[in-house]
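Trainee: I have a model open on my screen and would like to learn how to read it. Could we go through it together, feature by feature?

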Amino acid sequence: MGKTVTVPAEEIARQWEFMGRCREALDARFGERRAAFVKSFGCQQNVSDGEKLAGMLAEMGFTLTDDPDKADLILYNTCAVRENAEQKVFGVVGAAIRRKAERKGLLVGLCGCMTQQAHVATKIRESYPGVDFLMGTHALHRFPEILYGVLQGSGGKRRRVFAAEESDGVIAEGLPAVREAGVRANLPIMYGCNNFCTYCVVPLVRGRERSRRSADILAEAKTLIAAGYKEITLLGQNVNSYGKDLEDDLDFPELLKAVNSLEGDFWIRFMTSHPKDCTPALIDAIASCEKVCRHIHLPVQSGSNRVLQAMNRHYTREQYLEIISYARQALPDANFTSDIIVGFPGETYEEFLETVSLIREVRYSSLFTFIFSPRVGSKAAAMPDPVPAEEKSRWFNELLAAQRETGMAYYERCVGKTLRVLPEGEGRLKHGILDVTPGPGERIWMGRTEHNMVVDFIGPESLPGDFVQVKITAAANWALAGVLQAP
């Protein structure tokens, strides 16, 4: 593993200077009132990157809008994990370009994992001339400089800037951020991935693993706690590998303990974990930390050893189950969720059934499930894939049926219990299990337990951004309903 490269403070200061220059140039172009629309696709890491982009735009004098029709700048932060995400991006970019005919001077940009891929950057450059700028994941901290370059078009001549840099990635501290409102905050602790799973392009678009210094992470955590956030999620493509590239710093179990020791009443979550690095020491750390949620998201992807080897996952079914067994002993109330890929190239129906049996053995409360999607640049994209899509869809539905059984059993065990819940916003009621209606001055709320279970309940129209107690009265296979208890 290479040494982590931190962007020098002088370079960050230079980008702050470019923010000031952009503000002046934008004042001349749009006046002092201008709005930006930023949309992030994909994972929570992308959402966190989007918050930094929003922070830089705010420093340049933009207000943020959730309506692209009211924007003077539209920026899409893209995802490369699945094909349908890419196609969706191409669709919204086309729509944004058409808006240029209606909104004078509108700027359109792309960034994120998708744009780090050479074939995508080429397609955008050649087929989407209305895109003004494009930057890959490794150039995010240079956004002010890139935008300033676009704004230097003169004499009516438009200037485009493309910056999809080849790099193993860097760590950039000191950038502003505008976080999503609410009680939950994402806190990146590392970037990139070294695992090279054969179905995945993350190491190609995010670079190698690189960890932030624990002092920087803890300082940011303190800021989030002081700002009133009640749930902090530590982010990384593989958080279990945190610190392996650092000298004389903490590893991930030690970092969990350090964040747990900070003053305040808050929850700690983390994602995503790789099973090969989920050690007894990590499980023991979770057990020793009262603020770390008893929810472990541990992507298994397949229950077949042959398929796991073809995926380059570096563990076996038996080793995965050993981790689960150890965790159940150390954390008897732990809730497990996972990711599953159905129809990996060459997978047989019998191997698929091994995944179904694993689901029933582990008894996950919920799953993120996907039918295999080939990604350009991944090894799996070149593997023979003889099973037709219709057959994979049948397997997928069979897997969902098995998960509904285990999920329902898990959620039903909660009925009658009073659980600590963190309210997030408006309840959805799509599960149809909340059989009462709000009265005057009330509304339906949605929150989550520390086990990451969704709970709908009725409460006053305004609740403080804090934990509440809810007695669970009903369950579906993915959500709970209950009654708010008096403080």
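**Reading the model, from one loop outwards**

Mentor: Gladly! Let us begin in a loop: R212 sits between β9 (210–211) and α7 (214–226). Keep in mind that this is a predicted model.

Trainee: Is R212 buried or exposed?

Mentor: To judge that, look at relative accessibility, where buried means under 20%. R212 has 5%, so it counts as buried.

Trainee: Which residues is R212 in contact with, beyond its neighbours in sequence?

Mentor: Setting aside residues within four places in sequence, R212 contacts I171, E173, L187, P188, I189, M190, Y191, I217, E220, Y242 and L246. Take Y191 from that list: it is 21 residues from R212 in sequence, and their C-alpha atoms are 8.3 Å apart in space.

Trainee: Let me step back to the whole chain. What does its secondary structure come to?

Mentor: The chain has 13 helices and 19 strands. Its radius of gyration is 23 Å, close to the 23 Å that the globule rule gives for 487 residues, so the chain is as compact as a globular protein of that length. Along the principal axes, the C-alpha atoms fill a box of roughly 70 × 60 × 50 Å.

Trainee: How do I read burial and contacts for the chain as a whole?

Mentor: Buried residues make up 55% of the 487. For contacts, take those between residues at least 6 apart in sequence: 76% of them join residues at least 24 apart. On the outside, the chain exposes about 21200 Å², with carbon and sulfur atoms supplying 51% of that area.

Trainee: And how are the charges placed?

Mentor: Compare the mean positions of the two signs. Here there are 58 positive and 62 negative charges, and their mean positions are 4 Å apart.

Trainee: What should I look for in the interior?

Mentor: In soluble globular proteins, nonpolar side chains tend to be buried together. The largest nonpolar core in this chain has 57 residues, and those with the most contacts inside it are I189, L234, F252, L256 and Y364. A second, separate core of 29 residues includes C22, M60, V150 and V161.

Trainee: Which residues does L234 touch?

Mentor: Not counting residues up to four places away in sequence, L234 touches L187, I189, V239, F252, L256, I268, R269, F270 and M271.

Trainee: F252 and L256 come up again there. How many residues of helix α8 (residues 252–260) are buried?

Mentor: The general idea first: an α-helix has 3.6 residues a turn, so residues three or four places apart point the same way. In α8, 7 of the 9 residues are buried, so the helix is largely enclosed by the rest of the structure. The buried ones are F252, P253, L255, L256, A258, V259 and N260. They pack against α7, β10 (231–235), β11 (267–271) and α9 (280–288).

Trainee: What about a residue in α9?

Mentor: I283 is found in that helix. It is buried, with a relative accessible area of 2%. Beyond its neighbours within four places, I283 contacts C278, I296, Y326, A327, A330 and L331. By contrast with those contacts, the C-alpha atoms of I283 and L480, 197 residues apart along the chain, are separated by 27 Å.

Trainee: Where should I check the backbone itself?

Mentor: Look at omega and phi. The peptide bond from M271 to T272 is cis, with omega near 5 degrees, and T272 lies in the loop between β11 and α9. H314 has a phi near 70 degrees, a positive value in a residue other than glycine; its loop runs between α10 (305–311) and α11 (317–330). R363 is not a glycine either, yet has a positive phi of about 65 degrees. R363 lies in the loop between α12 (349–362) and β14 (366–371), and at 41% relative accessibility it counts as partly exposed.

Trainee: One last residue, please: where is K392, and is it buried or exposed?

Mentor: K392 belongs to helix α13 (residues 389–412). Its relative accessible area is 5%, so K392 is buried. Leaving out residues up to four places away, K392 touches V342, G343, I371, F372, D385 and V387. From K392 to F352, which is 40 residues away in sequence, the C-alpha distance is 9.7 Å.

Definitions and conventions
Residues numbered from 1 in each chain as written. Predicted model: local features only at pLDDT ≥ 70, side-chain atom pairs only at ≥ 80, totals over all residues. Heavy atoms only, no water. Helix = DSSP H or I, 4+ residues; strand = E, 2+ residues; numbered from the N terminus. Rg over C-alpha atoms; globule rule 2.2 N^0.38 Å. Buried < 20%, exposed > 50% of the residue type's maximum accessible area, 1.4 Å probe, protein only. Contact = heavy atoms within 4.5 Å. Areas by Shrake-Rupley, 256 points an atom, 1.4 Å probe, with all protein chains shown as cover. Lys, Arg positive; Asp, Glu negative; His and termini not counted. Charge placed at Lys NZ, Arg CZ, Asp CG, Glu CD. Core = buried A, V, L, I, M, F, W, Y, C linked by side-chain atoms within 4.5 Å.
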